[in-house]
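Hi,

Here is the model I promised to pass on. Have a look at it first, and then read my notes underneath.

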Amino acid sequence: MITDRVPRARARRAEYERSDRTRELALPEDDRLVDAARMIEQRLVAEDRAGLERACRTFVERAAAFWGIPVPPVDVLPKRPLRRYRDGGRTELYGDYDFDSGLIRVFMRTAVQKKVTSFGTLFSTLCHEFCHHLDRHLFGFEDTPHTRGFYERTARLYHHARGEPYRPLVWTALPGGGYRVDWARMRRLRR
Ligand SMILES: [Zn+2]
């Protein structure tokens with residue numbers, strides 16, 4: 001995970017810095033999101049796309065109700081689109097969030113081998129896209145930049161809904177500005 005670079009324009013920069021500082025996220029004290037996450041896992045393992053879509057919608061409905069924000073629409077599509085670059089490289093799209101409609105899209109299968117996505121990958125993508133929605137409707141971060149705060153709030157939501165303890169992310173500064181998660185250092189700290 002790599003953060004976006006700090007924007008130069010003053011207003012966007014101020015928003016970026018507020019997002020970066022906002023590391024906490026209030027979470028439900030009950031299991032409403034944990035139960036919804038479990039439904040997502042069950043429907044994914046069963047390879048039931050329609051059921052998976054319903055479970056993802058239930059998750060975001062419960063989450064939106066908890067934070068008192070509009071419910072974003074969610075589509076679960078059969079397979080990840082492939083994006084090709086001019087240099088011949090290609091990458092898969094894991095999910096996205098539409099700024100105008102609030103639509104969240106996640107994908108059930110990988111682009112090339114058409115394997116069912118792992119629960120961890122699909123669910124972390126759903127949490128990531130939902131946190132963009134949360135940024136705009138709860139925090140008022142219109143640009144919803146990928147800052148350290150954004151990734152930490154996303155990780156809090158993800159681990160909470162999986163019934164796991166939250167472990168703070170460890171960051172390393174990048175030479176050109178921005179940060180990346182230092183997974184090696186995090187693994188060492190866990191031992
Ligand atoms: Zn994003």
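Below is what I found, starting with one helix and ending with a few loop residues.

Two bits of housekeeping. Residues are numbered from 1 along each chain, as its sequence is written. This is a predicted model, so local features need pLDDT of at least 70 and side-chain atom pairs count only at pLDDT 80 or more, while totals for chains, interfaces and linings use all residues.

**Helix α5**

Helices and strands here are DSSP runs (H or I, at least four residues, for helices; E, at least two, for strands), numbered from the N terminus. Helix α5 covers residues 148-161, and its 14 residues should span 20 Å at 1.5 Å a residue. That expected span is 1.5 Å times one less than the number of residues. The end C-alpha atoms of α5 are 20 Å apart, which agrees.

How many of the residues of α5 are buried? The count is 11 of 14, so this helix is mostly covered (buried means 20 or more other C-beta atoms within 10 Å of a residue's own, exposed means 12 or fewer, partly exposed is in between, and C-beta atoms are placed from the backbone). Among the buried ones are Phe150, Tyr151, Leu157 and Tyr158, but also Arg148, Glu152 and Arg153. The buried residues of α5 pack against three helices, α1 (10-21), α2 (32-45) and α4 (119-139), and against the strands β6 (171-173) and β7 (179-181). Just after α5, Gly163 takes a positive phi of about 70°.

**Its helix partners**

α4 and α5 pack at about 125°, with their axes 9 Å apart (axes are lines fitted to C-alpha atoms, for helices over the stretch in contact, and angles run from 0 to 180 degrees between N-to-C directions). The two are therefore oblique to each other; under 35 degrees would be roughly parallel, over 145 roughly antiparallel, 65 to 115 roughly perpendicular, and the rest is oblique. The crossing of α4 and α5 is right-handed (the near helix is turned clockwise from the far one by less than a right angle; anticlockwise would be left-handed). From α4, the contact uses Phe123, Ser124, Cys127, His128, Cys131 and Asp135, and from α5 it uses Phe150, Arg153, Thr154, Leu157 and Tyr158 (contact means C-beta atoms, placed from the backbone, within 7 Å). These residues divide into six nonpolar, three polar and two charged (Ala, Val, Leu, Ile, Met, Phe, Trp, Tyr, Cys and Pro count as nonpolar, Asp, Glu, Lys and Arg as charged, and the others, Gly among them, as polar).

α1 and α5 pack at about 35°, with axes 6 Å apart, and their crossing is left-handed. Ser19, Asp20 and Arg21 of α1 meet Arg148, Gly149 and Phe150 of α5. That set divides into one nonpolar, two polar and three charged.

**Loop residues**

Glu47 has a positive phi of about 55° although it is not a glycine. Glu47 lies in the loop between α2 and α3 (49-67) and counts as exposed, with 11 C-beta neighbours inside 10 Å. Lys114 also isn't a glycine and has a positive phi of about 55°; its place is the loop between β5 (104-109) and α4. Lys114 is exposed, with 11 other C-beta atoms within 10 Å.

Finally, Glu29 sits in the loop between α1 and α2. Glu29 is exposed, with 6 other C-beta atoms within 10 Å, and is 38 Å from Arg10, C-alpha to C-alpha, with their positions 19 residues apart in sequence numbering.

Cheers

Technical notes:
Contact = placed C-beta atoms within 7 Å.
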